[in-house]
Structure formats: C-alpha cells, structure tokens
Amino acid sequence: MPISKRPPEAYAADQAAIDTQLAVRDMARSFGETRALDSATLTLRRGEIHALAGENGSGKSTLIKILSGVIRPDGGEFMFQGSRARFASPYAAQHAGISTVYQETLITPEMSVRDNIFFGTDGLIRHQRSKSQEISGAHLALDQLGLPGLDIDRPMWTLSLAERQLVTVARAIVRPWQVLILDEGTSALDAHRRDRLFAYLRDASSEGKSVLFTSHRMDEVFDLAQRITVLRNGTTVATVDVAESSYSDVLQHMSGREQAAALMEETNGGSGEVRSAPSALAQRPARSGEPVLRVSDVTLRASSQPMSIELKRGEILGIAGLEGQGQVELVEALCGLSRPRGGRVIVVDDAGRDHEISSYRDANRRGVRYVPRDRRQEGLFASQSVFDNFAIASWGELNRFGILKRGAARKRYQEYAEYTRLVGSPNQPVSTLSGGNQQKVLLGRWTSMHPTVLVLNDPLRGVDANTKEELYQFFRSLAAEGMALVFLSTEIGELLVLTDRIAVIHEGSMQALLPTAEATNGKIVAAMFGQNPEEES
Amino acid sequence: MSELAVLPNDFVSSQRAALRRLSDRHAYASVPVGLCVVLFVVNLLVQPAFAGRADWATASGVLVPYLFIGMAFTLPVLQGGFDLSIGTLAGFMTIFVSTVLLPSGITAPELVIPLVVAFGLLSGTINGFFIVYVRLPPIIATLGMYLFYEGLGTAVLPEQGGTIPGWLVRLSQSYGPIPGQWFVVAGFAIVWLALSRTALFRNILVVGGDERAAYTAGVNVKAVRLSSYALTGAIACIAGLMLAALIQSGDGTIGAQYTISGITAVALGGISLHGGKGGLFGGALGGAVLFLIAQLLTDANVSIYAVQIVDGIILIVALSLNGTLDYLRRRLLRKSLAQSAVSAAVEEGQSGIRTTV
C-alpha cells in the first residue's frame, strides 16, 4: 500500500500535515559503488509506534543514520515537524528532537554511567545541565527503564551487556525528544526488561511522541508497532497497519517472492553451462557422503538452545541469519577459533574416528580451514605479492629440510590461477588486485591445502557479479571432489543457488535447518525473524 | 527494608564505598604517586638535606618545566592523539622571549605572558588543523612542527644567548619559603581545575575513549580535538617560559631533550596511550618522577648518563606494575559487584514491591 495517498481536500491535507511528525520521500544514499538506499519513503505520525522491517542490507540502518544526522542523504525529501530538515550532525538531530539508540552499544567503558548518559549534551565548554540535574535526570531515566538503584558513578565496563544497552537507551531519552529511534535497541534485553521498555515507549507515545524501531523479532514488531514500513533493497515496498496484516504478509513484502524467484531462475540458468576445467566440474551430483563434521549439542549463548548438525562429504551447508544472531560464533566454533559455551564440534577422519576440535591449530591439522570475512584485516598480507599470499600456508608442506620448493608451489599456483581465471602477475602486491581477485587468492591459499572442510565467512561480499559466478562454479567443483563446505552468507539468493542445506540462526539458536530443495526465500526470512518456516508457505 | 533484612544497611553502604574506591577515576595515578613517595624517601636517605635544602629554589627551577612538559604531553594523548612538537616549541619560547620580545622592548609580564600563551594557542591550532581537517596522522603533523621549531630556533639564535626580563629572573628566587615558579604552577592548577570542571574535559575523555560513541551522542569531535591541541600548545609555551627562567637566556637546542622526557612522563604517569583515561595530574606526576630520579642520581654523584639507564628501567617496571595493579583492581571490583548483585537480589526479593512495579 503506497503511503502517499493523501485526500485531495485541503482540510484533510492540513490535518495530515499536523498529524505527521516526520516524513521521508525517495531518500537515497550510496557508499561508493553500493547503493545502500535507493528510494526510501516513510511517514511517522504523532503518537505512533512504527516499525521498520527488512532483511540484512535492505537499508534500515542507513535510513536511521540519515534521520539521526550521522550521515547525509544523496537525494530525497526529509520533512520534520512540518519543515524541511537536513541534519549536519547527530547533535543537530538531537537538538531538533530526534533521539537514537544505535544497533551497536556505543559506550566509553572507562567512564561512569552518568557520563555515558550525558556526554554529547554539552557545548564544547559549557555544561548544559548542572551536576545535580544530571544526577536526578539519570536516576529518573534509569527508573523508567527498570534499572532503579543502579550506581551512576560506576564505570561502564562493570555493567552487564543488558545494562549497557539500557544506558544507551537512557542516553536517548534524557534528551528532550519528539521522535525516538531504536535500531535493534532490545537485542540484549531479557523478556522482563524488554516489557518494561515497551511499557515506557507506549506511555510516551500516548503523550504524542513517536517511536521508530527495528527488531529481529517479528513478535516484538507486531506486539509494539501500529504500522510497519518494509524496505527491500533500499526501497520502501509497503507500509501496512498491524491490525490488518499478518506475519506472512510482512515477510512476503520483505523477501519479495516474485523477485527472488526471478533471481534464482537467472542464476541457475547462468550456471547451467559447465565450462571445461581440470577436474570434473559437473552439475551438482547427488551427494551421499560419509559424515565429516559433527556439531553436537552446541550452545552458542547462555540463553540459546543446543543445536546439532551433521555435515557430509561433498555437501555445501549454508548459514543464514540476521546480523549478530550467532552465525559468526557458529562458524568460529566450527574452525576452533572460539569454543562454544556447550556441546562439541567433532571432525571425523578418514578411518571414521571422532576428534573433538579444541583449537584453531587443531582444526587446521584435522583439515578444517577457515576463510575469514574481512580479507584485509584477517586474511591478506597487503604489501606482499600475490604468489606469497597464495603460498604462505603451503610452506609447511612444500619444503625439503626447511628449504622451500618454490617450483612445486609455482606449479600449484599456476594451475589454480588458470582454473579460477585469476588475472595479473603473481609478483604484484596483492593489494593492487580487485576485490574479487583478492578473494580468489585467499580462497586459493586454503583450497590448495586440500581441506576436508572449508568454512567460508561471507566470502563473496564486495565481489563483482562475474567473479561471483566463477566462484560459485569453483565451490561446486570443490564439493564435487568431496570437500565439505560451510558457507555463511548474508544474501539469501546466494544460499539458495549454491547450498544443499541451509541452517538459519536466530538469537543464538538454530531456528531451522532446511534442505535447499524445499527452501524458499520466504521460509528463510520467516526463520530469520524467529518464525516457524513451515507455517510460511 | 523490612526487619527481616539479612544484610544490615551499613554493610550495604560499606560495600558501596568499596566499589567507589575501586572504580575511582583517579586510580590510574596510584603507581606514579607511590613512585614519587618512594623516590622522595630515597632522596632523603641519600641526601638528608634534601627536604630542607637551601637551594630549593634552584631545584624547583628544574622540576617545574618537567611538570608542565609532562602535562602538555598528556593532554593530546587523553583525546586519542599525540603531539611531538611540545619540546621544541617550549625550547623556541626561550628564544622568543629573550631574542625577539626583549629587544623589541616587550618585557612586562602582562604583555609577555599573553603573547606567549597566544603563540602556543596558535601553534597548537595549526597542529590541530592539519590533524583534524587535513587528516594527517598526529605523529607526522607534529613531527613537522617539531622540526620547524628546532630549525627556526637555531636560525634565529645559533648559540645560547640573550637575556630574559627581570621578572622572569626573579621567578627563580624565593618569596618567603616559596620559590617563584610555584606561583605559576598554582596559577595554572587553578585555571586547569576550573577547566576540568567544564564540559571540555569530559568531551576530551569521550573522544579519546570512543570517537563513534562521542560523535553519535552529539559531541563535536572536531572542535574538541582542535581545542585540545590548541591548549596543548599553550601549556608547552608556559613550559618554555619556565625553561627560560631556568637557563636565564635563550637556547634553541634545549627543547629536543624534553621530547623523550615528556613521552616518558606520560607513560610513568599511568596515562594509557590509547586515550580516554587519566588526567593532566598523571603527566605532572610522571614529570616529578623523572626529576626525582635525576636529583637522586646527581646527589649520589652518579654519571649523568646513568640517569637515562635508570629512567628506562623505572619506566618498564612502572608500566608493568601499573598493568598488574589495574588487573587486580578490576578483578576485585568484579568480585564485589557479584556480591552486591546477590545482596541486591535479596533486598529486591524481600521488598516484593519493586519487582512488580
């Protein structure tokens, strides 16, 4: 339902303008090549609690950052309380009456609770409030949020995660606000504290203030909001009344079923042709291998349910979820980078014996290799050559009495480069390659070690479409040769074309484990928001 | 609380007091304060006349520049930056006063002091401009200024020379029992205490603690950075005045040696180089420690070169000690927090009303 439907009568239009707290039309914003926000449209009424819904990368956080003055839009209209708004800084937005709780809990751990609530309200030198005003203001806000008696002189680092998050909420509500924005502002709270916060928000909205929030939980959205605006790929696709719609309506808007189907068709069509390659690159064969990795009753967080997954040779397992739900913890547990809170991760060797993974080194020795997400920070040695970056992990294997067998490594590199169409000279610094080619180098480093399990943390982020297609092929060929792959991705479409099964993580637990053949975009989105995917048909 | 209370009130409040002590934001200074006390006592043992020494005024002349240099180096570190140019700027000030201002007839303190402070503010603002707006790394931008002042100093005055105004000479004399420099220290302390009660000091600590938290909360990060560099320049120039009072002339080479001293003072003062933690007091204490070491070794007739050896050893020992104490403090604090959480739960469970609100 489009939101721009205003009655033509002048009186009604006036009335609508008075009722409107904040209105955004066709808001756009790009970061370099990426168009994070394309055409966002949103109307926030006075006294309304409004939810902003969408998948990862749909533009929610970008829109919120624009409304909060953190970033500036490239284009579009922004009206706040009847006049045109363009905030030069978060301070300006707060001054106008828009207070925001950001997704990350932004605090200074060494400073006190009181300082963390009130810093930023002052001018450069002048305090806006006296010390006693700050003390009583902090106590009042913390009382309202269900933290009475918290010592406001304590340094922030001594607080629990939930308390820290509530302090950032307190920071927002002590500023005189007309619009409160909460970007995943409840993610660390237990049910009791969340209800307390919701009660506060309802009270405030009954006084004519407006709330805009995002949540990774569909039940919270429906519990709290009166209307929901859905974003998809940076564009507003719908604004619905909660009273008149169901979970599945909203999920459908978020996942954009028709579009997803079209995408799948296209990608599958593209990959149908198999290009000649050194090893048998075939269509995905029916995969019935022996188990190679077992996740046994693993719990990721204190409050999460144990999960068990068995990964077979030649299988590609997808990992999906909204940001920060525990997917990263899971893949890090698989490769020994961190130990889960409970349960075990077991590698099954060729002889069928079980080995529990105890460390990253141990996982590596057992053939589990990890390709990190941030290739610049965690993977590549930027100033070193392409070849050295490729070969660094192989030296343990390719040496004789400690002297490196450069020839053998060169040969290995050449085969790999030819196979994946890696361009450029092996001697140029790796930082001079494009993102996609850098990723190929990093993938080559680990795949040339012939791992039994390859764990990939969002490997195709920032990679161009052609290279993506080449790498899909490459992953399939690895699987066809018997390697098991774990593939964490933030793009659902990618998981649907590449994987055999998809595990959806929600709040640290496995919400669903779907065979990809039966999975749809809608089911995965439903599970990402904590719903049972089978009810979403 | 009801009469069934398991935990008496005074127990709870004593626990609160313990928490306060452990989480005090001045706790960072415990190691430098301890070092100062220990070194002072050792000084007394080696040279019993140390406390009542007749040349206390002379000793103060040496100590006070260390205090200001230590504080100047600390300020940009608190907001997550750095300023290398402090030492040579201070050195250039001795020339500015003796060779530029004095010959042009500007000698009255009410003219000299504002001019010197203004020079420092301007110099610091230039540093800040290149760091904040041109986005040069602080070490590079201020290294440029370091070289600039060192070169300018030697160009204007190739060899130590010139004279300083009479009032600056008299700063090295005692007024009653108090050497003149201490009036400057006291004056600065009053100004700084007033300033640290303003929002500026909190703003500096937030920016040093987490720039994004500061920005999103509404802190004007650029203005905070710029003003902290400007203030740093002003403190450096006051240090330069104190140096001029010490050597009673101008000397373009004296500043460089204070650069390493300044950095050492910051570390000795318990200031984290990551920023966001501590205060100028720490830097002053660090400077005092350096002075006490130098004094001790001089009194003990040890070669001047040994001073640096001892400085280095004490620096490493002090930092290790600092880290260990901080760790223990945090562990203790966590423990007593867990305890008070239990007592709070008991309290809440008893009152019964609170949980249902």
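In this predicted model, chain B and chain A together bury about 2900 Å², and 59% of that area lies on carbon and sulfur atoms. Three residues of chain B stand out in this respect, since B:Arg202, B:Tyr215 and B:Thr216 supply 24% of the area that chain B buries against chain A, which is more than any other three residues provide. Counted by residues, the interface brings 32 residues of chain B into contact with 39 residues of chain A.

The interface also contains charged and polar pairings. Five salt bridges are found across the interface of chain B and chain A, and one salt bridge between the two chains joins A:Asp115 to B:Arg202, with the closest N and O atoms 2.9 Å apart. B:Arg202 thus appears both in this salt bridge and among the three residues named above for their share of the buried area. In addition, 16 residue pairs, both members at pLDDT 80 or more, are in polar contact across the interface.

The side of chain B that touches chain A draws on several helices, with at least two residues each from helix 1 (9–22), helix 9 (199–209), helix 10 (211–217), helix 11 (221–247) and helix 14 (304–351). Among these, helix 9 of chain B gives the most, contributing seven residues to that side. When the residues on the side of chain B that touches chain A are sorted by class, 14 are nonpolar, nine are polar and nine are charged.

A further feature of chain B is a nonpolar surface patch of about 770 Å², which is made by B:Val33, B:Val37, B:Val38, B:Phe40, B:Val41, B:Val42, B:Leu45, B:Val46 and B:Phe281. Helix 2 of chain B, which spans residues 30–46, accounts for the largest share of this patch with eight residues, and B:Val37 is one of the residues that lie in this helix.

Over all chains, the count of salt bridges comes to 31. One of them is formed within chain A by A:Arg313 and A:Glu290, whose closest N and O atoms are 3.2 Å apart. A:Arg313 lies in the loop between strand 12 (307–312) and strand 13 (316–320) of chain A, whereas A:Glu290 lies in the loop between helix 10 (257–272) and strand 11 (291–299) of chain A, so this pair ties together parts that are 23 residues apart in sequence.

How values were computed. Residues are numbered from 1 along each chain as its sequence is written. Chains are lettered from A and ligands numbered from 1 in the order in which they are written. This is a predicted model: local features need pLDDT of at least 70, side-chain atom pairs count only at pLDDT 80 or more; totals for chains, interfaces and linings use all residues. Side-chain values use heavy atoms; hydrogens and water are left out. Contact means heavy atoms within 4.5 Å. Buried area is the accessible area (1.4 Å probe) that two parts lose on being put together, summed over both. A salt bridge is a side-chain nitrogen of Lys or Arg within 4 Å of a carboxyl oxygen of Asp or Glu. A polar contact is a pair of N or O atoms within 3.5 Å; within protein, one must be able to donate a hydrogen and the other to accept it, and residues adjacent in sequence count only if both atoms are side-chain atoms. Helices (H or I, at least four residues) and strands (E, at least two) are DSSP runs, numbered from the N terminus. Ala, Val, Leu, Ile, Met, Phe, Trp, Tyr, Cys and Pro count as nonpolar, Asp, Glu, Lys and Arg as charged, and the others, Gly among them, as polar. Patches are made of residues with over 30% relative accessible area and no salt bridge: like charges are joined within 9 Å, nonpolar side chains (Val, Leu, Ile, Met, Phe, Trp, Tyr) within 5 Å. Accessible areas come from the Shrake-Rupley method with a 1.4 Å probe; for residues, only the protein chains shown count as cover.
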